[in-house]
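Please study the sequence and the model before attempting the exercises below. Each task is followed by a worked solution.

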Amino acid sequence: MDQTIETPIDALSPILGRYFTRTWVRGEGHRLFDDAGRAYLDFACGIAVTGLGHGHPRVNAAIHAQVDRLVHVSNGLGFIEPVSDLAVRLAATLPAPLDTVFFANSGTEVIEAALKMARRVSGRPGIIAFDGGFHGRTFGAASVTSSNLNYRAGYEPLLPGVYLSAFPRVEASATDAPEQAAEAALAALRDLLATRIPATSVASILVEPVQGEGGVNPAPPAFLRGLRAICDEAGILLIVDEVQTGIARTGWMWAFEAANVVPDAVCVGKAIANGLPLAALVAARELHDRWGRGAHGSTFGGNPVACAAGLAVLDTIAEEDLVVNAAVRGTGLSAGLRALAADEPRIGQVRGPGLMVGVEMIDPGTGQPDGELANALIARCADLGLLVLTAGRQHEVVRWLPPLDVTAAEIEEGLGIFRQALDDLG
Ligand SMILES: Cc1ncc(COP(=O)(O)O)c(C=O)c1O
């Protein structure tokens, strides 16, 4: 045996950044249990994945039934019922002309697929993405990612033809801040198109409606509308990365709906199958046709068990009105956090729509982001029985991602624990 392997976890690569070092054994509803049998209120949801909590009866029943029927064929061999059914159902949640689905296994994979599709159908090389964005870890996805230097450093040269432009940064104080921030970022983009790459050479603009890993930074609606206008003018594909924001997380089924724009392609992942690996690129049939048969593919993408879970997820969200629940409970969560922030100088901004909320921690003396404090806070919250995460360049934002069917009482419980953690670290 290798000398360095003393316990089973030593066999795992240390490359993965881990928020916690507990060992998780079981999940039940909105609680996770560790190997000491301790329960935690799970407001991390496996990084915005288990939107319906753990062991959801309907999702589990769909998974069990499909496991007994058929686990794998590969979509390259033909058609499989739950896969086609989910494509229809997913497209039905999106506005026209977004009606055709390519299934993959992860968010990163659909970002790759979207970038490849955009280049192939447009015959143009350029890809524009935004400062502070996160789209995944493969070479293509890392090339459009800039939320943290660690995701890029040592991997250069990354994909050529990628240009990063400013993402709107909204200051807390001014009421007209979102519009001003949107206009400034659009001006920076127009400048990029006037000086570094002509719009006629750009295949796609890729944007998160709310930057998740980058620190829960919502794009003002005016920004997304401005991007749509620039794309329309120059025949550029607007690709929206809804991997973290999609599937009701923001109090909308899709976060872009809040801006009243229709993208050319939507990247879906994370919560679509409540924990089974599944992701989707949705775009108009005409774009998929022009992309061309055999131009892309996947052995595992669109696994029937994951798709059966996806159908149960969409049914549950519709029947239990969970888009509305996410909006209502999200308003309650943000209100509670803002009330806390009112007399807490260590909190800068509370931001984010629905159940995707970030609490920016700052050093009250300097007003600078305080990642150490945010990290200490989530550790203390876990000790007190609440799981929340961090986000942001310096991990300075405490990120709340409660389940979509969270109750008012659970929101209160989470807020109470957070208040206690702040006091304990005071
Ligand atoms: C917005 C966004 N895009 C893409 C990804 C990559 O998804 P995955 O980790 O499933 O590959 C993530 C993951 O956090 C994400 O938040």
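The exercises that follow concern a predicted model.

**Exercise 1. Overall form**

Determine whether the radius of gyration of the protein agrees with that of a compact globule.

Solution. The protein has 426 residues, and for that number a compact globule would have a radius of gyration near 22 Å. The protein has 21 Å, which agrees. The C-alpha trace spans about 55 × 55 × 55 Å along its principal axes. Of the 426 residues, 51% count as buried.

**Exercise 2. Cis peptide bonds**

Locate the prolines Pro97 and Pro157, and describe the peptide bond that precedes each.

Solution. Begin with Pro97, which lies in the loop between helix H3 (81-92) and strand S4 (100-104). The bond from Ala96 to Pro97 is cis, with omega near 5°. Turn next to Pro157, placed in the loop between helix H5 (139-143) and strand S6 (162-165). The bond from Glu156 to Pro157 is also cis, with omega near -5°.

**Exercise 3. Positive phi angles**

Is Cys45 buried or exposed, and is Ala248 buried or exposed? State also where each residue lies and its phi angle.

Solution. Cys45 belongs to helix H1 (residues 45-48), and its phi is near 50°, a positive value in a residue other than glycine. A residue is buried if 20 or more other C-beta atoms lie within 10 Å of its own. Cys45 has 28 C-beta neighbours inside 10 Å, and therefore counts as buried. Ala248 sits in the loop between strand S10 (237-241) and strand S11 (265-268), with phi near 75°. Because 29 other C-beta atoms are within 10 Å, Ala248 is buried.

Terms used. Residues are numbered from 1 along each chain as its sequence is written. This is a predicted model: local features need pLDDT of at least 70, side-chain atom pairs count only at pLDDT 80 or more; totals for chains, interfaces and linings use all residues. The radius of gyration is taken over C-alpha atoms; the globule rule is 2.2 Å times the number of residues to the power 0.38. A residue is buried if 20 or more other C-beta atoms lie within 10 Å of its own, exposed if 12 or fewer, and partly exposed in between; C-beta atoms are placed from the backbone. Helices (H or I, at least four residues) and strands (E, at least two) are DSSP runs, numbered from the N terminus.
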